[in-house]
Amino acid sequence: MSRFIEASLLMLALAANAAERFPGVGRAATPAEIRAWDIDVRPDFQGLPSGSGSVAQGQKIWDGKCASCHGTFGESNEVFAPIVGGTTAADIRSGRVKALTQADVTRTSLMKLSSLSTLWDYVNRAMPWDAPKSLAVDDVYAVVAYVLYLGDILPAGFVLTDRNIASVQGMLPNRNGMTRRHGLWDVRGAPDVKNTACMHDCATQVTMASVFPDWAKASHGDLSQQNRLVGPVRGNVTAAQALDTATLARRNGCLSCHGIDKRLVGPAFRDVSARYKADAGAEERLAQKLRKGGSGAWGPLAMPPYPDLAEADLRVLVRWVLAQ
Amino acid sequence: MAQVVRTGRLRRAPEGFLDAEAIVAVQSGRRDFLRRAFAFAAAAATTQAAAADGEAAILELPEHSKALGQPVAARGYGLPSQFEKNLQRRESPGLTRVSGASVSFTPLQGLFGIITPSGLHFERHHQGWWDIDPSRHRLMVMGLVREPRVYTMDDLMRLPAVSRMHFIECGANTGMEWGNVAVPTVQYTHGMLACCEYTGVLLSTLLEHCGFDRARGKYVLAEGADGSGLTRTIAIERALDDVMVAWAMNGEMLRPENGYPLRLVAPGLQGVSWVKWLRRIKVGDEPFGTKDEVLHYVDLMPDGTLRQYTSIQECKSVITSPSGGQFLLDKGYYNVTGLAWSGRGRVKRVDVSFDGGRNWRTATIEQPVLPKCLVRFNIGWAWDGRPAILQSRAIDQTGYVQPKINQLREVRGTRSIYHNNAIQSWKVDGSGEVSNVQVY
């Protein structure tokens, strides 16, 4: 028997053994099951379902389902990092986003995006935020086309399809901006930064490069309340014991979705106050809404329930909102 | 008489004698306050000495020594003491806008040893968390395999199980500190870190069971069952080495926030690769370029290039006590303690400096010392009341020495966000207050 056949037979035997090693464990996946879950799309577009969507269709979906979080032009930094902005026609030509070399530039998705499949795959699997996997295939094409239109990469009349998507890949502003040349993926790779284990008289001088500023001491609440009550150290008292209402609102997550005078995910408190100003029953209704959750009276996202909020705190918060 | 009432400290813990005025003094900076605090303590001690022959804590028997306590099973699932409520996982204000796509940090300042209590394990969710019915959860292994297979939890828990301790660190841990000092305490600088004992089946066992293509299978994709369907590519060498499909953490099933009923455990790799609510493993011949590999978890270099797949969490350490936002109660002896870890293997040594990195002493490393697992280090220090800068520096089995922040910045600039494994500096000022600083 040749060595090759011998080796092949051995491998077959090993494979068979692996399957037989655990009889009765697991079962074959059906083709329909694989289709249902095999949704990933790779940079070479393996896995991309056929379909198409126009910029115009994308705009309709965008305005209805995306703009409330991402802004009308995909530029909003209010809820999530901005998607659109920071790329130029020169970037589209070179495939490198120049703004990424500049300090203090807000990084948008389109500035970083090196593979178009990534955008398609993510919109398809995870968007909209509160109803992931609800978009039809053609809708995903349309939304992707619209985002690229907002980024001045595609013209208004464009229809994105599985047949032309590879050519659109060639227009991404940062398509050449990604590197895997580093030693931080392979566990045996070479580190890029080196220090030495000097033990004595190492630094000639110690330079204080940055210190935590005094004015920010209360930025993370009262640190005395974040440390154990016994032991060799205590937390610094960095805030008054009684919380002011704004802090109460922040601690309970209210300000994650609402601004005082700015709409975030939910309405601005000032707008809530304005709507219910003349309504005598408003306090009770808002209290109920806070406790049990809302129905989405202000937009696509419903207010979540807060069953564990202390009643006293809840009342204080409602009155505070109405006083804005 | 005064000798009898000594509590073992020059001054008592301040919470016992802080009045309103003193609190205001603390808020406006503690230097002046400290001198006054000593005076308060001395006065309190004198009063007590005159009033009694010893401490009330000893002389007056407490209720718990004189009455009947709680019965067994009063709490079907035990909870920490009511006096431990300060140790909570917390969000860092202003870091994120939406709490469903946010982070809560482990309170490292109050933890001991290396195991993170399950309820204090940091959280990172991309589209909120779920408590998934395990009887309805499925894992599919497919792609370049001879036979794509589906496993129930019943199936998985019949397979040969392993139990191993590993650390998990978010790639963005300490990310807020790339540019400058930004947060006050170790909870916020290093709290996207945990270490647990996991039980599950090795991913290699599942891949072999499905007959994966050894010639063409170079990468696996792991996918979560949550709304975000979080996906990460893992190189096949890692997948076949020590990656686990785990259902248990610290002796019980995973907590929902940590992926109940099934998660990937990817030792040494950044936390995002430890896909929670794991529903699918796909074998492929190319990386998958997912959102968290292209738009996030990419390291921006000074020349504008984005480094992709910088997955290994390099050797790092931090002193957890004393640490930022705390203050020392007194001059004298302290056990300085902290954590060290390496995504490339075992920690070999930890050195500690008390003078900002001029001179170093080697700390004691507690057992066990396991690969890709936290180690606890301890070292004695007698504080003489003078300002000091405390640092720890870990060295791993490859000989890699944890770098200084300026060394990292020289190579990677200040905008990387991810993979900041710099030596952490805590400044102790003359009043005993500890704060977060960066020194070159």
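This is a short tour of a predicted model, with a selection to make at each stop.

Begin with the boundary between the two chains, where you can select the 103 residues of chain B that are in contact with 82 residues of chain A. On the chain B side, strand β24 (residues 434–439) gives the most to this boundary, with five residues, and the residues of that side divide into 45 nonpolar, 37 polar and 21 charged.

Next, select strand β1 (residues 27–28) of chain A together with strand β4 (residues 149–152) of chain B, which run antiparallel and are joined by two bridges. If you pick out A:Arg27, you will find that its bridge partner in β4(B) is B:Val150.

Now move to helix α6 (residues 116–126) of chain A, which is largely enclosed by the rest of the structure because ten of its eleven residues are buried. Among those buried residues are A:Leu119, A:Trp120, A:Asp121 and A:Val123. To see what covers them, show α7 (137–150) and α8 (165–169) of chain A, and add α10 (291–294) of chain B, since the cover includes these three helices.

Stay with α7(A), which gives eleven residues, the most of any element, to the largest nonpolar core. That core has 150 residues, of which A:Val143, A:Val144, A:Ala145 and B:Val245 touch the most other members. Select A:Val144 and, leaving aside its neighbours within four places in sequence, you will find this residue in contact with A:Leu119, A:Trp120, A:Val123 and A:Leu160.

For the last stop, select A:Ala249, A:Val272, A:Leu286 and A:Val321, which are included in a second, separate core of nine residues.

Key. Residues are numbered from 1 along each chain as its sequence is written. Chains are lettered from A and ligands numbered from 1 in the order in which they are written. This is a predicted model: local features need pLDDT of at least 70, side-chain atom pairs count only at pLDDT 80 or more; totals for chains, interfaces and linings use all residues. Two residues are in contact if their C-beta atoms, placed from the backbone, lie within 7 Å. Helices (H or I, at least four residues) and strands (E, at least two) are DSSP runs, numbered from the N terminus. Ala, Val, Leu, Ile, Met, Phe, Trp, Tyr, Cys and Pro count as nonpolar, Asp, Glu, Lys and Arg as charged, and the others, Gly among them, as polar. Two strands pair if DSSP finds at least two bridges between them. A residue is buried if 20 or more other C-beta atoms lie within 10 Å of its own, exposed if 12 or fewer, and partly exposed in between; C-beta atoms are placed from the backbone. A nonpolar core is a set of buried Ala, Val, Leu, Ile, Met, Phe, Trp, Tyr and Cys residues joined through C-beta atoms within 7 Å.
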